[in-house]
Amino acid sequence: MIDNLILGFQTALTPQNLLWCFVGVLAGTVIGLLPGLGSTTGVAVLLPLTLDFEPVTALIMLAGIYYGAQYGGTITSVLLSTPGEASSVVTTLDGYQMARRGRAGAALSIAAIGSFVAAIFSLILLMVLAPPFANFALKFGPVENLSIMILGLATIVSFSGESRIRGLAMASAGLLLATVGMDAATGTARFTFDNVNLLSGVPFVEVMIGLFAVGEVMYQIRVGAAAPIRTRFRELLITRSELRRSIGPIGRGSVLGFLLGCLPGSGSTLASFIAYGVEKRVSRNRSQLGQGAIEGVASPESANNAAANANFVPTLTLGIPGGGTTAVLLGAFTIYGLQPGPLLFQSQPKLVWGLLVSFFIGNVMLLVLNLPMAPIFAQMLRIPYAYLYPIILFTSFVGAYSIDNNMFSVWIVFVAGVAGYFMKLYDLPMAPLVLGLVIGPLFEKALTQTSALGDGDLLIVLSHPIALVVLALAVLLAAGPSLVRLLPRNTPDREREPAGV
């Protein structure tokens with residue numbers, strides 16, 4: 001291990017690789033700031049620019065774009081309630097509320113710190129445990145993936161707000177939207193109205209931009225633009241109390257993010273949702289989540305960055321993409337004549353360990369870039385919203401158009417924006433709808449495959465120990481708080497004494 005690390009540092013610390021690592025993380029941060037682009041699009045667009053590079057240099061730059069976008073997506077989520085990355089959707093719930101209370105600098109700071117800690121934690125595990133984790137991930141077939149999706153659906157209760165019925169209704173709407181497109185079992189088109197743009201389903205990124213960005217702008221215009229936030233610079237800095245409150249959420253988010261990120265195809269979005277749901281159950285300040293609690297920023301931000309790094313476990317060791325962006329990176333490996341898989345660590349140690357060490361270096365660069373800049377970014381909220389709203393709408397629609405270069409994406413954003421406006425107007429929670437839309441296709445695929453394995457009998461789940469453990473966790477997550485309330489509580493003897501005794 002020590003020899004491999006030395007080899008990795010010798011490779012990553014060359015001037016050329018350091019330069020392109022910095023270019024990658026900086027470009028990733030900017031890409032994350034722009035709604036609709038995201039790390040997958042950014043890596044795909046910039047991949048042709050790296051064809052003349054050495055393979056290790058090209059991969060260092062492209063990987064930098066990947067985890068740099070995780071940081072960038074947080075900035076607009078907190079300041080403008082406009083997620084730049086799909087995995088930053090959950091951050092808007094508490095991050096934007098913190099910004100409205102003049103704590104935007106603290107939210108961005110803890111996001112940078114949590115992301116850095118999670119990245120370093122996950123990278124250490126990635127280096128030490130990649131082969132064993134890859135072998136364990138191989139045990140996750142359709143049945144186990146189905147149980148993971150049910151666990152994700154169980155977190156819907158955490159996003160329902162004061163009315164669980166409304167939350168379940170919105171989650172059901174998200175699951176129904178997820179049925180649009182090609183049937184996972186038969187390959188026939190469903191609910192597409194003969195529109196070829198819907199064959200691949202309702203586009204998630206466009207819906208996300210419309211609900212959170214356009215819907216928020218429309219609602220603020222109706223109720224009257226909020227006054228610019230004018231806070232003193234020192235009030236934008238994170239406090240010791242907020243740091244102490246964030247230690248537990250960062251730790252839990254990092255562990256959950258890494259475990260979920262190791263599973264092929266899970267990506268970072270699901271990890272951030274589940275981490276937030278767990279925080280709503282175990283945090284001491286759970287009642288404040290959704291109202292501007294710093295735990296609601298620390299946990300999902302840690303989870304999505306840990307998951308982003310853990311996505312490289314199946315990518316490097318099995319040749320199976322961990323998410324959308326690593327699927328593009330897998331194509332980059334092929335272009336450079338490399339074959340990810342069990343033999344890559346032996347055949348290309350210089351490339352593999354140089355790439356892994358560059359993750360450490362890139363995350364240090366991102367921390368140095370983002371932590372001092374957090375209070376400065378927060379000063380954007382001093383700009384009158386009459387000037388910000390056109391900018392938000394412009395970047396939202398341009399970002400949507402750039403995804404597929406057609407107007408259909410723009411219309412989806414507009415329709416989702418109108419829906420988001422009415423949801424805010426009638427106090428309907430958006431997060432369950434988004435979660436249903438994210439999990440729906442994955443759930444249907446796992447359900448179809450599980451049914452096929454059992455010849456139509458879903459009780460096959462009972463014969464898989466890992467699936468049973470995950471399902472038990474899902475039941476505890478969904479029903480645990482309700483069961484606790486039903487338990488009898490012992491009253492101290494002195495409280496049972498009659499009056500006057």
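**Salt bridges, helix packing and selected residues**

Glutamate 295 counts as buried because its relative accessibility is 2%; buried means under 20% relative accessible area, exposed over 50%, and partly exposed in between (1.4 Å probe, protein chains only). The model is predicted, so local features need pLDDT of at least 70 and side-chain atom pairs count only at pLDDT 80 or more, whereas totals for chains, interfaces and linings use all residues. Residues are numbered from 1 along each chain as its sequence is written, and side-chain values use heavy atoms, with hydrogens and water left out.

The protein contains 21 helices and 2 strands; these are DSSP runs numbered from the N terminus, with at least four residues for helices (H or I) and at least two for strands (E). Of the 501 residues in the protein, 53% are buried. Contacts between residues at least 6 apart in sequence were also examined, and 79% of them join residues at least 24 apart; a contact means heavy atoms within 4.5 Å.

The count of salt bridges is 5, a salt bridge being a side-chain nitrogen of Lys or Arg within 4 Å of a carboxyl oxygen of Asp or Glu. Glutamate 295 takes part in one of them, with arginine 245 as its partner and 2.8 Å between the closest N and O atoms. This pair links distant parts of the chain, as arginine 245 lies in helix H10 (residues 240–261) and glutamate 295 in helix H12 (residues 295–310), 50 residues apart. The buried state of glutamate 295, at 2%, is not shared by arginine 245, which counts as partly exposed because its relative accessibility is 28%.

Salt bridges that share partners join Asp183, Arg190 and Glu444 into one network. Within this network, the side chains of aspartate 183 and arginine 190 form a salt bridge with an N to O distance of 3.1 Å. Aspartate 183 is classed as buried because its relative accessibility is 17%, and arginine 190 is buried as well, with a relative accessible area of 16%. Arginine 190 also forms a salt bridge with glutamate 444, in which the closest N and O atoms are 2.7 Å apart. This pair, too, connects distant parts of the chain: arginine 190 belongs to strand E2 (residues 189–190) and glutamate 444 to helix H19, with their positions 254 residues apart. Both glutamate 444 and arginine 190 are buried.

Helix H19 also packs against other helices. Two packed helices are described by the angle between their axes and the distance between the axes. Helix H8 (residues 164–177) and helix H19 (residues 431–453) have axes that come within 7 Å and cross at roughly 35 degrees; axes are lines fitted to C-alpha atoms, for helices over the stretch in contact, and angles run from 0 to 180 degrees between N-to-C directions. On the H8 side, the contact is made by Gly167, Met170, Ala171, Ala173, Gly174, Leu175 and Leu177, which meet Pro432, Leu433, Gly436, Leu437 and Gly440 in H19. These residues comprise 8 nonpolar, 4 polar and no charged (nonpolar: Ala, Val, Leu, Ile, Met, Phe, Trp, Tyr, Cys and Pro; charged: Asp, Glu, Lys and Arg; polar: the others, Gly among them).

Helix H11 (residues 269–282) packs with H19 at an angle of about 140 degrees, and the axes are 11 Å apart. H11 and H19 are therefore oblique to each other (under 35 degrees is roughly parallel, over 145 roughly antiparallel, 65 to 115 roughly perpendicular, and the rest oblique). In H11, Thr269, Leu270 and Phe273 meet Ala431, Val434, Leu435, Val438 and Ile439 of H19. The residues of this contact divide into 7 nonpolar, 1 polar and no charged.

Positive phi values occur in two loop residues described here. Aspartate 427, in the loop between helix H18 (407–425) and H19, has a phi near 55 degrees, a positive value in a residue other than glycine. Aspartate 427 is exposed, since its relative accessible area is 56%. Phenylalanine 193 is likewise not a glycine and has a positive phi of about 55 degrees. The loop that holds phenylalanine 193 runs between E2 and helix H9 (204–223), and this residue is exposed because its relative accessible area is 75%.

Leucine 93 is located in helix H5 (residues 91–100) and is partly exposed, with a relative accessible area of 24%. Between leucine 93 and glycine 292 the C-alpha to C-alpha distance is 7.5 Å, while the two are 199 residues apart in sequence.
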